[in-house]
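Here is a friendly tour of one protein chain, best read with the structure open beside the text.

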Amino acid sequence: MTTQHEASSPRHATSSTSRATSWSSAPWNAVRGGLVGAAESVPGISGGTVALVVGLYDHLIDAASQLVHAVRELVTGIFRGRGAGAGLRALKEINWALLVPVLIGMVVVLLLSLKLIAPLLESNPVPTRAVFFGMIAVSIAVPLRMMPRRFGPLEAALFLAGAVVAFVLTGLPEAQVGEPELWYVFIGAALAINALVLPGVSGSFLLLVMGLYVPVQQALEARDLGFVGVFLLGAVVGLGSFVKVLRWLLHHRRQGTMAVLAGLMLGSLRSLWPWQSESNELLAPTGSVAGPLLLALAGAGIVLVAVLWESRVARDA
C-alpha cells in the first residue's frame, strides 16, 4: 500500500513526493476514488475534501501534474519533430497503479451517485444536508493537521479569506439554462474540474450556479456524445492549466495553502446548512432539531473514524 505518512503528518514540511504504488492495493484505491466521486455528485460537497480525508490528495495532485507534463511532452515532441521519446518516458514515470484505480472508482461511483444521492438530496434535503454538514465540519481539521508549522497570524488571515470566498460562492443563486451552447459547456467543465481539486469548493455546486448541472445529467442519460465530449475536453484543459500551479503551492507554500484550503472548507458549510430556501437563503431551524443534530453528529463521527484510521495506516506503513 502506498505510504501516506508525508501527506498525513501534521508537521511535515513539504508535500510528499509520489512513490510507486503496488497494483495489489488497486481495490482499496478504487474504493477511495469512489468516495471522491460520490462527493462530487452532491452540490456543496467537494471531492478534494474527501481526497484529503482518505489520504489521497497530495498523491493525486502529483500524479495529475505528471500526467499533464507527459502529455505536453508527447504533443510538443511530435509536432516539433523531436519524436515521442521524451513523452513516453514521462508517461512511464506516472504512478499508474494509483491513478488508474482511483479514476475508475471515481467515474463509476460518480455516475451511480448522480442517479442515487442527488435525488435523495432533493427529496430529503434537511436530513441529507445535516449528515454532510457534520462530515465537512470535522474534515476541516485535516488540512490544519497537515500544516508543517504552527498556526500563526498569516495563516489566520489566509484561513479567513478562504472562508469568505467560499461563503460568497456558495451563496450565489442557481442559474437556469435550457440548452447551453457548447462553448459555455467547455468553460463550465474547466471551472468545475478545478473545483474538484480544491477542498471546500464543489464542482457540482459550480455547475448548479452556471445552470449546467441538469443539462449534464440529461446529456449523460441521453448519451449525447457531442455534449459529453466537449465537457470532457473542457475538464482536461482546465485541469491541465491549474494542477501544476497547485502542485507547486503544495510543495513550496504548503503552510499557507493548507490554511486557505481549510478556510474554503469552513466557508463551504454555508451550502450544507440543513435549513435553506429554494434560492439558497439560510433559514432558522424549523420542526424537530434533534433529528438533524443527531445525523450531523453521526456524519462527523464517520469522518472522525476515517481520519483516525487513515492516520493509523500511515503510521504502520
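## Transmembrane annotation

UniProt, in an unreviewed entry, places the feature "transmembrane region" at residues 96-118, 130-148, 154-172, 184-213, 225-246 and 288-309. The coordinates you are looking at belong to a predicted model, so it is handy to see how two of these annotated spans turn out in it.

Residues 288-309 are 91% helix and 0% strand, with end C-alpha atoms 33 Å apart. For residues 184-213, the helix share is 70% and the strand share is 0%, and here the end C-alpha atoms lie 12 Å apart.

## Helices α10 and α13

Let's look at α10 (residues 182-196) and α13, whose axes come within 7 Å and cross at roughly 45°. That angle makes α10 oblique to α13, and the crossing is right-handed.

From α10, the residues in contact are Leu-182, Val-185, Phe-186, Ala-189, Ala-190, Ile-193 and Asn-194. On the α13 side you will find Phe-227, Val-230, Phe-231, Leu-233, Gly-234, Ala-235, Val-237, Gly-238, Leu-239 and Phe-242. Sorted by class, this contact has 14 nonpolar residues, three polar ones and no charged ones.

## Helices α13 and α14

Helix α13 (residues 225-252) also packs with α14, at an angle of about 115° and with the axes 6 Å apart. Leu-249, Leu-250 and His-252 of α13 meet Arg-254, Thr-257 and Met-258 of α14. The classes here are three nonpolar, two polar and one charged.

## Helices α4 and α5

Next, turn to α4 (residues 57-79) and α5 (residues 85-92): their axes come within 7 Å and cross at roughly 165°. The two helices are therefore roughly antiparallel. Their crossing is left-handed.

Leu-67, His-69, Ala-70, Glu-73 and Leu-74 make the contact from α4, while α5 brings Ala-86, Gly-87, Leu-88, Ala-90 and Leu-91. Seven of the contact residues are nonpolar, two are polar and one is charged.

## Aromatic pairs

How many aromatic pairs does the model hold? The count comes to four. One pair to pick out is Phe-133 with Trp-273: the ring centres are 6.1 Å apart and the planes stand at 75°, so the pair is edge-to-face.

Where do these two rings sit in the chain? Phe-133 is in helix α7 (residues 125-139), and Trp-273 is in the loop between α14 (254-268) and α15 (290-316). The pair therefore ties together parts that are 140 residues apart in sequence.

Key:
Residues numbered from 1 in each chain as written. Predicted model: local features only at pLDDT ≥ 70, side-chain atom pairs only at ≥ 80, totals over all residues. Heavy atoms only, no water. Axes fitted to C-alpha atoms, helices over the stretch in contact; angles between N-to-C directions. Helix = DSSP H or I, 4+ residues; strand = E, 2+ residues; numbered from the N terminus. Parallel < 35°, antiparallel > 145°, perpendicular 65-115°, else oblique. Left-handed = near helix turned anticlockwise from the far one by under 90°. Contact = heavy atoms within 4.5 Å. Nonpolar A, V, L, I, M, F, W, Y, C, P; charged D, E, K, R; others polar. UniProt positions renumbered as here; feature names shortened; annotations may be inferred. Phe/Tyr/Trp six-rings, centres within 6.5 Å; stacked < 30°, edge-to-face > 60°.
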